[in-house]
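Here's a quick walk through a model, with an eye on its sheet, its cysteines and its charged pairs. Have the structure open while you read.

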Amino acid sequence: VVNAVCEATNKIDRDAVRIWFATWPVLVRELLGDGADTPRLQQFFQMNGSFRLEQLADRSHRFLYGHRYWHLVKKALASQAEGDRYLRIEKAAKESGAPMEYALAMAAIAQMTLEQCGPSFLSSEYVPEPKGDFVLDRASAYRPSLMERLKGKSGCDRVIFDERDQDGWFPIVATQEITTGAELDKRPFHDTDARCYEGMGPIPVDCRSGSCGTCWVGIVGGNENLDPVEEFERKRMEYFGYWDSGFVDSNCPRPLIRLACQARANGSVSIVIPPWNGVFGRTRREKELGN
Ligand code: FES
């Protein structure tokens with residue numbers, strides 16, 4: 001389903017859709033179950049952050065351009081009868097009235113949210129803010145306005161970590177690891193993400209050496225500006241379980257999910273910071289690949 005949806009999706013959202021499916025795999029939901037045994041399982045899989053999709057059902061996909069059509073797609077999906085998964089997605093997308101090049105992806109996300117969380121989110125009153133054009137300029141360098149230049153600001157490459165916020169970025173210097181650039185950003189991100197340490201920037205980190213899996217990020221723009229993934233990072237990603245069949249080619253040199261403490265940038269990139277991290281690669285391989 002993911003591949004079929006991506007093929008029909010506008011290139012603006014194509015990678016973002018894959019990143020959403022990598023961030024919210026059914027497997028994690030299955031591992032954690034209905035919540036009755038969460039503390040033990042959370043400890044076993046070293047899960048941190050907000051790993052319950054139902055807590056973020058209406059906002060988990062805000063980094064997609066198609067997010068603006070979410071309420072329309074949800075309404076259309078709620079009226080679909082039970083049946084073939086892809087047909088439900090396709091019908092909901094068509095009946096939503098939103099452009100198919102975005103609606104199909106949003107309907108697939110809505111269907112997957114439904115399967116993981118149940119139908120209660122379908123009736124929420126949430127209507128996306130009329131924002132979204134920001135993604136048309138993904139991975140852009142910082143270009144100060146005339147006024148800003150007069151105040152002494154100069155342009156730079158940057159890592160955009162929240163495209164909806166004009167201040168949601170930090171500068172990056174060539175060959176710098178993404179987390180090294182992030183660390184120089186001293187804003188109080190620990191106020192909004194309990195995984196962040198004070199003064200360590202917006203990307204949660206722990207080991208900074210590829211050992212913990214805390215710093216995983218999705219690359220929604222500017223992937224070509226990152227150094228190719230090295231064998232060590234690839235192996236660690238497999239160990240954590242972030243590397244999955246949602247990628248077209250798991251051997252590709254620039255995958256859509258990276259460890260920010262290992263990925264070096266040579267230009268501007270746009271990233272998504274997943275709201276949770278964990279270690280479940282071995283279980284994933286056992287369940288999905290049967291080995
Ligand atoms: S901070 Fe531990 S893997 Fe990057």
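Does Cys-215 count as buried or exposed? Cys-215 counts as buried, at 4% relative accessibility. Buried here stands for under 20% relative accessible area, exposed for over 50%, and partly exposed for anything in between, using a 1.4 Å probe and protein chains only.

Before going on, a word on the ground rules. This is a predicted model, where local features need pLDDT of at least 70, side-chain atom pairs count only at pLDDT 80 or more, and totals for chains, interfaces and linings use all residues. Residues are numbered from 1 along each chain as its sequence is written, and side-chain values use heavy atoms, with hydrogens and water left out.

**Cysteines**

A disulfide is a covalent bond between the sulfur atoms of two cysteines. The cut-off used is a pair of cysteine sulfur atoms within 2.5 Å, and searching the whole structure turns up 0 disulfides. Cys-117 is in none, since its nearest cysteine sulfur, that of Cys-6, sits 20 Å away. Cys-117 is also buried, with a relative accessible area of 17%.

**The sheet**

Helices (H or I, at least four residues) and strands (E, at least two) are DSSP runs, numbered from the N terminus. Two strands are said to pair if DSSP finds at least two bridges between them. On that basis there's an open sheet of 5 strands in the order β3-β2-β8-β5-β6, with mixed pairing. Its edge strands are β3 (169–171) and β6, each pairing on one side only. Neighbouring strands are turned by 35 degrees against each other on average, direction ignored. For angles, axes are lines fitted to C-alpha atoms (for helices, over the stretch in contact), and values run from 0 to 180 degrees between N-to-C directions.

Helix α2 (residues 11–23) packs on this sheet and touches β5 and β6, contact being heavy atoms within 4.5 Å. The direction of α2 makes about 165 degrees with that of β5.

Take a closer look at β5 (residues 216–221): 6 of its 6 residues are buried. On one hand, β5 pairs with β6 (residues 257–259) in the antiparallel sense over 3 bridges, and Gly-218 stands opposite Ile-257 there. On the other, β5 pairs with β8 (residues 269–272), again antiparallel over 3 bridges. In β8, Gly-218 has Val-272 as its bridge partner, while Gly-221 has Ser-270.

**Salt bridges**

How many salt bridges does the structure hold? There are 14, counting a side-chain nitrogen of Lys or Arg within 4 Å of a carboxyl oxygen of Asp or Glu. Here are some of them:

| Acid | Base | Closest N to O |
|---|---|---|
| Glu-115 | Arg-85 | 2.7 Å |
| Asp-185 | Arg-187 | 2.7 Å |
| Glu-233 | Arg-258 | 2.8 Å |

Glu-115 in helix α7 (residues 100–117) and Arg-85 in helix α6 (residues 85–96) are 30 residues apart, so this pair links distant parts of the chain. Glu-115 is partly exposed at 38% relative accessible area, and Arg-85 is partly exposed too, at 36%.

Asp-185 is buried, at 9%, whereas Arg-187 is partly exposed, at 32%.

Back at the sheet, Arg-258 lies in β6 and Glu-233 in helix α10 (residues 231–240), so their salt bridge ties together parts that are 25 residues apart in sequence. Both Glu-233 and Arg-258 are buried.

Finally, Glu-177, Asp-227, Glu-230 and Arg-264 are linked in a network of salt bridges.
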